[in-house]
Amino acid sequence: MGEREGLDVRVRGEQPFAFDAAFGCGTAEMLAIVGPSGSGKSTLLRCVAGLVTPRAGRIGCGGEVWFDAASGVDLPPHRRRVGFVFQSYALFPHRTALGNVAMALGHAPVAERDERARRLLAKMHLEGLEQRRPAELSGGEQQRVALARALAREPKAMLLDEPFAAVDRATRKALFRELASLRHELSLPIVLVTHDLDEAERLADQMCILDCGRVLQTGAPREIREHPASAQVAGLVDAGDD
Amino acid sequence: MDRSALALSFRLGAFTVLLLLPIGVALGRWLAFTRLRGKGGAEVALSLPLVLPPTVLGYYLLLAFGGGSALGRGFEAIFGHTLAFSFEGLLAASVIANLPFAIQPMQRSFEGIAPEIREAAACSGLSPWQVLGRIDLPLAWPGIAGGLVLAFAHTLGEFGVVLMVGGSIPGETRTASIVIYDRVQAFDTAGAGAMSALLLVLSIVALGVVQLLSSRVGRRHG
């Protein structure tokens, strides 16, 4: 059976806590994994990136197998082409904005790295800030650098872990717009982890409701809101409105 | 002032630091990032030279390096002289005695690097060796340098271990601190005073450097 082009995840494990979930995300599609704190959202994302190793299952992306417990395949994070945006930005504090982005361009010829990094920063509206270190940037600017760095990797999948959690309302709105336009531009599966239902509904095509490491329901945001599969999903959706 | 003893102490300090750099970085980094169960035991074992009386440590090292041990016999068979009472033996003892002085600041420094930063580096395509070279070492260098400065200063002043393992052979194992002891025994307080004053100044400078580097660690990790 051939690999589908998007991201296909089926994982089961016990560390850091029990999870058993399956989800998929097509090319140019955005999937939001939504659930309360401690539901295992970030763990699933970390499994895809190779930062957490599931006990069983399979992860395939863009025609490649990244993890397959049955055949013993487990690519390390640096060999999976993912663009990971961390909640805390996780920028390299000793490097400038340009240096942060260039660091993810290891696959590009050395002579081209700076120019490519500059272009990506410009795309994120960060012209003139190339030589600033993370500590000299605002939260929103740091987040844009993190996005530029994730894109620099030329990823096969974008993984966003609560990317808007640490920015103010105005910055969040601007980042929403940017992400929405990027979505259409990039032909990639994008997985967004959030506890904010409103955020998920505004941005995502598909939503995956998660609780205690298990998928409760997957579908279009409106469909889930109008036809929750269980009282538990209805409760979580209602709680998100509060 | 006994210049040959001083030169020997500096040579011993320099070689000790040179050997402790890769050993300290490897062990300090491993202790900082490992989640294995043996970590606690390894930390205790590596801290032992801190609490063990230097003469006791020296005694066991003398047994291990002497002709009665397999290590001592093996060394003698290859190099033609015993490991005990030689510069090489002194160096090996010095490296072991200084392990906690070098490793602990290095470990703290590596622990100060947020895990997400190292994960972000891996997700950015950096191999584990590249993470070491481009993330870990640049961020932890003040702690690494601090550990080496501490180890160097401690080597200059080490007495018990040096005397037990090396004896007091001029030009081979007779270090500055042993000369101070010999001078005092010979009622040459002026000679002992000059050497002591020099070691005192070096220790104060070393502490100043460590303090400066520690403040840099704090700033680098925000």
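**Entry 1: the interface**

I began with polar contacts across the interface of chain B and chain A, and the rule finds five residue pairs, both partners at pLDDT 80 or more. On the side of chain B that touches chain A, α6 (115-123) and α7 (128-157) each supply at least two residues. Of the elements there, α6(B) gives the most, with seven residues. I sorted that side of chain B by residue class and got 10 nonpolar, three polar and four charged. I note here that the model is a predicted one.

Next I took the extent of the contact. Chain B brings 17 residues and chain A brings 19 residues. The area buried between the two chains is about 1,500 Å², and carbon and sulfur atoms give 68% of that. In chain B, the residues that lose the most area to chain A are B:Glu119, B:Cys123 and B:Ser124, together 35% of what that side buries.

I then looked for charge pairs between the chains. The count between chain B and chain A is one salt bridge. A:Arg46 pairs with B:Glu119, with the closest N and O atoms 2.7 Å apart. B:Glu119 is thus noted twice, as a partner in this bridge and among the residues of chain B that lose the most area to chain A.

**Entry 2: salt bridges within the chains**

Over all chains I have 20 salt bridges by this rule. I looked up several of them.

In chain A, the side chains of A:Lys156 and A:Glu64 meet at 3.3 Å, N to O. This pair links distant parts of the chain, 92 residues apart: A:Lys156 sits in the loop between α4 (139-152) and β8 (157-161), and A:Glu64 in strand β5 (residues 64-68). A:Lys156 is partly exposed at 29% relative accessible area, and A:Glu64 is also partly exposed, at 30%.

Also in chain A, I recorded a network of salt bridges that links A:Arg81, A:Glu112, A:Arg116 and A:Glu154.

In chain B, B:Arg108 bridges to B:Glu111 with the closest N and O atoms 3.1 Å apart. Both lie in helix α5 (residues 87-111), three residues apart, about one turn of the helix. B:Arg108 is partly exposed at 46%, and B:Glu111 is partly exposed at 33%.

**Entry 3: a buried pair**

Is the pair B:Arg118 and B:Asp136 buried or exposed? The closest N and O atoms of this salt bridge are 2.9 Å apart. The bridge joins helix α6 to helix α7 of chain B, its residues 18 apart in the chain. B:Arg118 counts as buried because its relative accessibility is 18%, under the 20% cut-off. B:Asp136 is buried too, at 0%.

Key
Residues numbered from 1 in each chain as written. Chains lettered and ligands numbered in written order. Predicted model: local features only at pLDDT ≥ 70, side-chain atom pairs only at ≥ 80, totals over all residues. Heavy atoms only, no water. Contact = heavy atoms within 4.5 Å. Buried area = accessible area lost by both parts, 1.4 Å probe. Salt bridge = Lys/Arg side-chain N within 4 Å of Asp/Glu carboxyl O. Polar contact = N/O pair within 3.5 Å; in protein donor to acceptor, adjacent residues only side chain to side chain. Helix = DSSP H or I, 4+ residues; strand = E, 2+ residues; numbered from the N terminus. Nonpolar A, V, L, I, M, F, W, Y, C, P; charged D, E, K, R; others polar. Buried < 20%, exposed > 50% of the residue type's maximum accessible area, 1.4 Å probe, protein only.
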